[in-house]
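Here are a few notes to go with the model. Have a look at it first, then read on.

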Amino acid sequence: MKMSSSVVAYTFRHFPQLHNRSLQLFSLHRHPFRQPCTVTSSSSCSLLSAFSLTGNSFFRKMERYWAGSSINKNKGMVEHLQRYGVIQSKKVAEVMETIDRALFVPDGSPAYEDSPMQIGFNATISAPHMHATCLQLLEKNLQPGMHALDVGSGTGYLTACFALMVGPQGRAIGVEHIPELVALSVKNVEKSAAAQLLKDGSLALHVGDGREGWPEFAPYDAIHVGAAAPEIPQPLIDQLKPGGRLVIPVGNMFQELKVVDKNEDGSVTMRSETSVRYVPLTSREAQLRGY
């Protein structure tokens, strides 16, 4: 099924002051809605149907704009994510404040709205709360000097965040199978606070099939996948360092954000973090055809 890119990369784990209703809402999501609809910015679908189909959240009802300069708007977005409990650490907040999201979305887009956006080629950039969630989950594996892999790096936003976290002694690799997006992501990073890391080579963006990982700089302390796999690709588990963590959405119609930890003895443990909605992790040809 071809999904509108305006409904992907959402979670509905975070509800402001609605903790007593979380269980009910999660139960609703796990049953198909009788009359599915595609949620867009102009959709008249009910709030309940949006939750049931997309994993959309009350949380995305963020202010579209903040007063002041562009960087102040970016800071306002981060403060909003902190206020709602998505960003919980000082380090993640600092990184998301430093990497201005406006540099990584199409011109004219509402860069600080908590929504995924089309970036062309049937791809999207995830909503800010999903980026924040993944940075939080991977924070301990994004320490200075560590290696990080971003599969489906898109416009380069999260790869740039990884690069700032692991620093010049670390390595942040983005892999994207659409050459035009890789070229765009390089230009985006060059305008950002991560530009020097790209120039020095500790941040690199490559054209490739992310399902195969990027063996050259393996093993990785942190691996993030920005599209939903029907099952976890074995090469990504193989390239995960003992003590490392992989965060990946898994599923088809119903998806869960999986957190995969490789233990020091090489064994793997896995848990589900939250229900999500991402575009599928697939071949370049299938993506360009619209899946």
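Which element gives the most to the lining of the largest cavity?

1. It's S3, which puts three residues into that lining. Bear in mind as you read that this is a predicted model, so everything here is computed from it.

2. S3 (123-125) has company. The elements giving two or more residues to the lining of the largest cavity are strand S3, strand S4 (147-151), helix H6 (157-166) and strand S5 (171-176).

3. If you want to find the spot on screen, go to Gly152, Ser153, Gly154, Glu176 and Gly226: of the 34 residues lining the largest cavity, these lie nearest its centre.

4. How big is the largest cavity in volume? About 390 Å³. There's no second one to hunt for at that cut-off, since searching the whole structure turns up one cavity of 30 Å³ or more.

5. As for the character of the lining, the residues split into 15 nonpolar, 15 polar and four charged. Gly is counted with the polar group here, which matters when you read that split.

6. Stepping back to the whole chain: the protein has ten helices and ten strands. Of its 291 residues, 56% are buried.

7. On the contacts, take those between residues at least 6 apart in sequence: 61% of them join residues at least 24 apart.

8. Last, the outside. The protein exposes about 12800 Å², and carbon and sulfur atoms supply 51% of that area.

Conventions:
Residues numbered from 1 in each chain as written. Predicted model: local features only at pLDDT ≥ 70, side-chain atom pairs only at ≥ 80, totals over all residues. Heavy atoms only, no water. 1 Å grid on protein atoms, 1.4 Å probe; cavity = no way out; pocket = protein on both sides within 12 Å on 5 of 7 lines; lining within 4 Å. Points joined across faces, edges and corners; volume = space filled by probe spheres on them. Helix = DSSP H or I, 4+ residues; strand = E, 2+ residues; numbered from the N terminus. Buried < 20%, exposed > 50% of the residue type's maximum accessible area, 1.4 Å probe, protein only. Contact = heavy atoms within 4.5 Å. Areas by Shrake-Rupley, 256 points an atom, 1.4 Å probe, with all protein chains shown as cover.
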